[in-house]
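Me: I would like to go through the empty spaces and the ligand site of this model, asking each time how the stated value follows from its definition.

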Amino acid sequence: MAAIENRSGSDLQKLDKDHHLHPFTDHKELHKIKSRIITHADGVYIYDADGNKILDGMSGLWCVNAGYGRDELVDAAAEQMRELPYYNNFFQCAHPPSIELSALLCDISQPQFNRVFFAGSGSESNDTIVRMVRRYWDLLDQPERHTIISRTNAYHGSTVAAASLGGMKTMHKQSGLPIPGIVHVEQPYWFGSDRSLSPDEFGLVAARSIERKIDELGADKVAAFIGEPVQGAGGVIIPPDSYWPEVQRICDEYGILLISDEVITGFGRLGEWSGADHFGTRPDLMSFAKGVTSGYLPLGGVMVSDRVADVLIDKGGEFFHGYTYSGHPAACAVAMANLRILQREGLVARIRNDIGPYLQNGWRKLGEHPLVGDARMVGLMGALELVRSKDPVERFDENQGVGNICRDILVNNGLVMRAVGDTIVAAPPFILSHEEADEMIEKAWKCLNLTQEAING
Ligand code: PXG
């Protein structure tokens with residue numbers, strides 16, 4: 001018997017309105033228009049209760065990388081749940097899926113990573129990192145090395161510590177965040193600057209805002225720097241080439257830990273197994289989630305380098321930290337099956353050599369549209385900046401909500417992309433075919449025209 005009753009779309013919308021509080025949602029707004037009910041999905045397409053077929057240019061929420069309808073992942077979960085649906089990894093226990101997945105993750109990660117700590121989400125992974133980093137410096141008898149440097153407009157999750165690491169002012173304002181010991185420096189957002197510097201000059205200036213902060217606080221007070229290789233929720237901010245090598249230099253010079261938040265960029269999104277591989281950094285800690293299971297089940301975790309793990313293990317005794325679902329067997333089994341799919345189908349190399357360059361080419365053409373001030377994409381992660389005027393660049397008034405107008409037009413024309421202010425972002429599944437890429441670009445162009453008509457009245 002199906003666990004979910006077969007109700008009509010409007011019945012579902014009513015129940016949704018009456019009982020369901022959605023994440024990151026203005027409910028008054030939502031109830032004016034009613035929620036879009038997604039009922040099923042296959043390949044790169046989702047289907048709603050009104051019978052619309054929509055190309056999912058966001059891979060769900062940056063996660064369904066292997067695409068929808070993968071029976072292999074369903075079978076992996078079902079088989080594991082029959083065998084052992086749950087057991088924990090506390091109290092000197094483990095089970096085959098958590099062990100096998102730990103080994104596989106270390107195998108595909110940079111050589112300094114030989115240990116994994118599991119969590120249930122990206123937020124939990126970053127919370128783990130805050131605790132782990134502070135524990136590390138405590139164990140090295142430097143407890144005053146407490147402060148973690150992050151960036152404005154970063155997104156690291158929604159729990160108290162993860163939202164503190166994040167640099168979203170709107171989130172901080174609602175909950176008295178950040179917690180003490182987390183500070184924020186400049187983001188490497190060249191298009192958002194006055195563009196008086198070249199991108200590479202600007203990248204160095206942005207990186208050196210970390211150094212300035214270290215000098216201000218004193219290096220002996222700074223524990224770590226955290227960054228997303230490419231900021232996702234902040235608007236797909238692709239740093240200039242000069243940025244990450246300079247960040248690595250600064251972390252090395254001051255001995256502070258480098259943390260790469262790979263929740264979006266991990267497992268292939270940029271055409272390499274990690275964003276760190278793409279940009280050539282050697283992080284000490286790496287958080288992951290989303291794409292590890294292609295979103296089929298929730299799983300997150302932290303790759304822990306030998307530098308950190310050796311201290312935790314040799315000097316640490318018990319680390320009082322862990323989640324009921326750390327290394328959940330079904331989630332780990334699905335992750336194994338998902339990573340095997342990525343390997344077998346060569347999907348990461350496909351982004352680097354085939355569909356990545358193909359979609360980027362179409363994306364660049366969208367940059368010729370009068371409404372688009374900047375069209376950028378790396379791997380399968382891109383952004384279009386909607387502007388009132390291209391030369392000189394003039395932005396729309398925020399209150400005009402042009403990004404959301406465009407987003408709504410897109411979805412009503414069969415393409416999901418997300419609006420971050422007036423930036424439209426995309427991150428389609430890795431299995432996107434050339435025809436589907438063409439469909440994305442054609443639909444996007446048409447919807448840019450429609451957006452222009454809508455705002456010109
Ligand atoms: N780090 C990064 C870089 C993320 O993008 C998280 C951590 C937190 O992961 P969890 O699993 O706790 O959600 C994320 C999540 C958006 C959006 O609107 C992005 C995320 C989550 C929700 C919405 O772009 N990223």
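The exchange below takes the ligand site and then the cavities.

Reply: This is a predicted model, in which local features need pLDDT of at least 70 and side-chain atom pairs count only at pLDDT 80 or more, while totals for chains, interfaces and linings use all residues. Residues are numbered from 1 along each chain as its sequence is written, and side-chain values use heavy atoms, with hydrogens and water left out.

Me: What makes a residue part of the shell around the ligand, and how many residues surround the ligand?
Reply: A residue counts as near if one of its heavy atoms lies within 4 Å of the molecule; 16 residues surround the ligand, and the closest are Trp62, Gly122, Ser123, Asp261 and Arg418.

Me: What makes the approach of Asp261 to the ligand a polar contact?
Reply: A polar contact is a pair of N or O atoms within 3.5 Å (within protein, one must be able to donate a hydrogen and the other to accept it, and residues adjacent in sequence count only if both atoms are side-chain atoms). An N or O atom in the side chain of Asp261 is 2.7 Å from a nitrogen atom of the ligand, so the pair meets the limit. The side chain of Arg418 likewise has an N or O atom 2.7 Å from an oxygen atom of the ligand, and for Gly122 a backbone N or O atom lies 2.9 Å from a ligand oxygen.

Me: Why is the ligand said to lie between domain 1 and domain 2?
Reply: Domain 1 (9-69 + 348-456) and domain 2 (72-344) both give residues to the shell, so the ligand lies between them; the domain bounds come from an automatic or database domain assignment.

Me: What makes a space in this model a cavity, and how many of 30 Å³ or more are there?
Reply: On a 1 Å grid over the protein atoms alone, a cavity is a set of points where a 1.4 Å probe fits but cannot get out, and lining residues have an atom within 4 Å of a point. Grid points are joined across faces, edges and corners, and a volume is the space filled by probe spheres set on the points. By this rule there are two cavities of 30 Å³ or more, the largest of about 80 Å³ and the second largest of about 40 Å³.

Me: Which residues line the second largest cavity?
Reply: Its lining consists of Pro229, Trp244, Leu258, Ser260, Gly275, Ala276, Phe279 and Thr281. The lining of the largest cavity includes Leu105, Glu262, Trp273 and Met303.

Methods: 1 Å grid on protein atoms, 1.4 Å probe; cavity = no way out; pocket = protein on both sides within 12 Å on 5 of 7 lines; lining within 4 Å.
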